[in-house]
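User: Hey, got a minute to go through a model with me? I'd like to start with how the helices pack.
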Amino acid sequence: MNPIHTAADFAQAQADYSDTAAAAEKCADTFAALNIRMGEKQQALSIIQQRRIDGGEFDSDAPTIALLQLDADGLQPLVETARTQHQAACEALQQAQITLQQCQARHEAAQAEAAAQTLEARLHELENLLLSGIADLDVLKKKATGSIHIHGETLYRFSDRLRRFLQQGVLPA
Amino acid sequence: MRIPTGLRGAAASAALQATEKMLPDALQAVRTAQAALNMALACGQDTGPFRQALETAVRQKKAIHSAIAEKAAQINQRRQDKISAVAAALIAAGNETINRLLLQYQFTIEGNSQ
């Protein structure tokens with residue numbers, strides 16, 4: 001995975017998520033506004049109904065009720081459409097969020113892989129330096145002691161931490 | 001007819017929507033002008049003014065179409081620019097991490113026998 005590509009995908013996913021969230025918010029606002037209007041009509045109907053039950057009947061009730069009912073009937077399909085659009089927008093937002101999380105995870109993995117490769121290369125350079133140093137040490141110790149062969153720990157003793165890692169795979173703390 | 005230009009963000013989207021809303025009227029104006037020209041032709045009237053009216057209506061419709069295309073392209077371009085900027089920032093942050101690592105494990109090979 002190339003971090004340049006995953007960064008582009010991640011940025012694209014962020015923009016898509018942002019656009020989808022804005023669209024979802026707009027749908028939610030429309031749905032809420034229509035619900036409020038429907039609620040007002042239903043409440044007005046309920047108030048008239050309650051008043052009539054309590055004995056307060058007016059001649060104007062019949063046309064008012066008819067108008068309110070017409071309004072409610074007219075609003076109903078709008079509310080249903082807005083509900084469907086709101087639901088679709090919420091699902092789209094959820095999908096966009098999943099995609100965003102996947103892209104983020106892929107990008108973080110690609111970044112980690114690139115950093116690991118860099119560090120591994122640097123550690124190999126350090127290892128080469130260490131081995132060169134040991135070779136130099138060998139020459140110097142032979143000269144110092146007059147020996148022909150110097151082996152193992154006499155030449156260089158690795159730290160316990162490094163030996164534990166090399167022998168047992170225990171990571172240095 | 002005034003078609004706003006050079007807007008950014010939500011204002012650009014609103015301007016695009018406003019321009020799109022002009023289109024039905026412009027289409028209707030073309031149809032009306034065409035019908036008037038046809039009528040003039042059928043009645044043997046001087047068609048000059050009607051042709052002129054039709055040309056004007058067609059020009060206005062084309063201008064709206066062009067404005068819509070231009071605004072949509074601008075919005076898309078700004079979106080792409082924003083995405084590119086975010087991607088560049090992500091790449092820069094990654095490079096920064098790698099540079100920090102290299103700095104952390106920096107060493108000199110001076111005195112190395114090989």
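User: At what angle do the axes of α1(A) and α2(A) cross?
Analyst: Roughly 160 degrees, and the axes come within 6 Å. Keep in mind that this is a predicted model.
User: And what does that make α1(A) relative to α2(A)?
Analyst: Roughly antiparallel, because angles over 145 degrees count that way.
User: Is the crossing of α1(A) and α2(A) left-handed or right-handed?
Analyst: Left-handed. As for what sits in the contact between α1(A) and α2(A), the residues split by class into 32 nonpolar, 14 polar and 9 charged.
User: OK, switching to the two chains. How many residues does the contact take from chain A and from chain B?
Analyst: Chain A gives 21 residues and chain B gives 18.
User: Which helices of chain A each supply at least two residues of the side that touches chain B?
Analyst: α1 (3-53) and α2 (61-145) do. The largest share comes from α2(A), with 12 residues.
User: What's the chemistry on that side of chain A?
Analyst: The residues there that touch chain B divide into 13 nonpolar, 6 polar and 2 charged.
User: Different topic: how many of the 9 residues of α4 in chain A are buried?
Analyst: The number is 0, so α4(A), residues 160-168, lies largely in the open. To count as buried, a residue needs 20 or more other C-beta atoms within 10 Å of its own.
User: What comes just after α4(A)?
Analyst: A:Gly169, which takes a positive phi of about 70 degrees.

Definitions and conventions:
Residues numbered from 1 in each chain as written. Chains lettered and ligands numbered in written order. Predicted model: local features only at pLDDT ≥ 70, side-chain atom pairs only at ≥ 80, totals over all residues. Contact = placed C-beta atoms within 7 Å. Helix = DSSP H or I, 4+ residues; strand = E, 2+ residues; numbered from the N terminus. Nonpolar A, V, L, I, M, F, W, Y, C, P; charged D, E, K, R; others polar. Axes fitted to C-alpha atoms, helices over the stretch in contact; angles between N-to-C directions. Parallel < 35°, antiparallel > 145°, perpendicular 65-115°, else oblique. Left-handed = near helix turned anticlockwise from the far one by under 90°. Buried ≥ 20, exposed ≤ 12 C-beta atoms within 10 Å, placed from the backbone.
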